[in-house]
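User: Please take a close look at one helix of this model and set out, step by step, how it is placed among its surroundings. I should like a connected account rather than a list.

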Amino acid sequence: MPSEIRMTQHLDPRSPWVLSTHDLGRRAGSMREVSLVLPAPADLGVDMIGVPKDADVGLDLRLEAVMEGVLVSGTARAPLTGECARCLDPISSEVVVDLQELFFYSDEDVSEEDSLLDGELLDLEPTFRDAVVLALPLSPVCTDDCLGLCVECGIRLADAGPDHRHEKLDARWASLQGLVIDNDQEK
Ligand SMILES: [Zn+2]
Ligand SMILES: [Zn+2]
């Protein structure tokens, strides 16, 4: 059974992305600001680019008790690695996302997409994951003006230079060229 499937709603307080709201005491208006560095969860990315597992994710968060629950807002900053969609060179960069999520005290009057507190605990990982996936480029490029690869031979066009081109030979000329080469070899 895959471990990602949570059989109950109970959160594991040892999970790095599970945060305690204990010191807010459910008093609307109480607030806490925290800065954290958490390990990136696994499998966070799209085809060409993503956040490496266990990379440092820097979080600046504000946890605020409101009437219905705990409002978490702030920013997360994570490294990205991937490859250029045009030339396939490795890319490393960074993603910075805004986070905002209201974790409800009670499951009354909430929809399925809403997040719930488990006692005093909340799990920030789904919020972070959704924000990062939305922010990732579908076609990441190494530079905005990346020329990509030659469709004929696959060389990186930036390396090949502006004069790189292939003679367009049709089949007849190609076989003629073969004859010329054969003749050369006979000499
Ligand atoms: Zn590129
Ligand atoms: Zn080429």
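Analyst: A residue is called buried here if its relative accessible area is under 20%, exposed if that value is over 50%, and partly exposed in between. The structure is a predicted model, and the helix chosen for this account is H1, which spans residues 125–135.

The account begins with an aromatic pair. The model has 1 such pair: the ring centres of Trp17 and Phe128 are 4.7 Å apart and the planes meet at 20°, so the two rings are stacked. A stacked pair requires planes under 30 degrees apart. Phe128 belongs to helix H1, whereas Trp17 lies in the segment before E1, so the contact ties together parts that are 111 residues apart in sequence. With a relative accessible area of 2%, Trp17 is buried; Phe128, at 0%, is buried too.

Phe128 is one of the buried residues of H1, which also include Thr127, Ala131 and Val132. These residues cover an arc of only 125° around the helix axis, which puts them on the same side of H1. The general background is that an α-helix has 3.6 residues a turn, so residues three or four places apart point the same way. On the other side of H1, Asp130 and Leu134 are exposed.

The next matter is what the buried side faces. The buried residues of H1 pack against strand E3 (44–45), E4, E5, E6 and E7. H1 also contributes to the largest nonpolar core, which has 32 residues and in which Val51, Leu61 and Leu124 have the most contacts. H1 gives two or more residues to this core, as do E2, strand E4 (49–51), strand E5 (56–65), strand E6 (69–83) and strand E7 (90–104). As a general tendency, nonpolar side chains of soluble globular proteins are buried together. Val51 shows how the helix is joined to this core: leaving aside neighbours within four places in sequence, Val51 is in contact with Val132, and also with Ala40, Leu44, Ala78, Pro79, Leu80 and Val95.

The loop between H1 and H2 supplies donors to both zinc ions described next. The zinc ion (ligand 1) is coordinated by the SG atoms of Cys84, Cys87, Cys142 and Cys146, at 2.2 to 2.3 Å. The angles subtended by its 4 donor atoms run from 106 to 114°, which makes the arrangement tetrahedral. Along the chain, the spacing of these donor residues is C-x2-C-x54-C-x3-C. Cys146 lies in the loop between H1 and H2 and Cys87 in the loop between E6 and E7, so this pair ties together parts that are 59 residues apart in sequence. Cys87 and Cys146 are both buried.

The zinc ion (ligand 2) has Cys150 (SG), Cys153 (SG), His164 (NE2) and His166 (NE2) as its donors, at 2.0 to 2.3 Å. Here too the arrangement is tetrahedral, because the 4 donor atoms subtend angles of 105 to 114°. The donors follow the spacing C-x2-C-x10-H-x1-H. Cys150 lies in the loop between H1 and helix H2 (157–160), and His164 in the loop between H2 and helix H3 (171–186), so the pair ties together parts that are 14 residues apart in sequence. Cys150 is buried, at 9% relative accessibility, whereas His164, at 26%, is partly exposed.

Key: Residues numbered from 1 in each chain as written. Chains lettered and ligands numbered in written order. Predicted model: local features only at pLDDT ≥ 70, side-chain atom pairs only at ≥ 80, totals over all residues. Heavy atoms only, no water. Donors = N, O, S within 2.8 Å, 3.2 Å for Na, K, Ca; no water. Tetrahedral: all angles 85-135°; square planar, octahedral: opposite > 155°, others 65-115°. Helix = DSSP H or I, 4+ residues; strand = E, 2+ residues; numbered from the N terminus. Buried < 20%, exposed > 50% of the residue type's maximum accessible area, 1.4 Å probe, protein only. Core = buried A, V, L, I, M, F, W, Y, C linked by side-chain atoms within 4.5 Å. Contact = heavy atoms within 4.5 Å. Phe/Tyr/Trp six-rings, centres within 6.5 Å; stacked < 30°, edge-to-face > 60°. Arc of directions from axis to C-beta.
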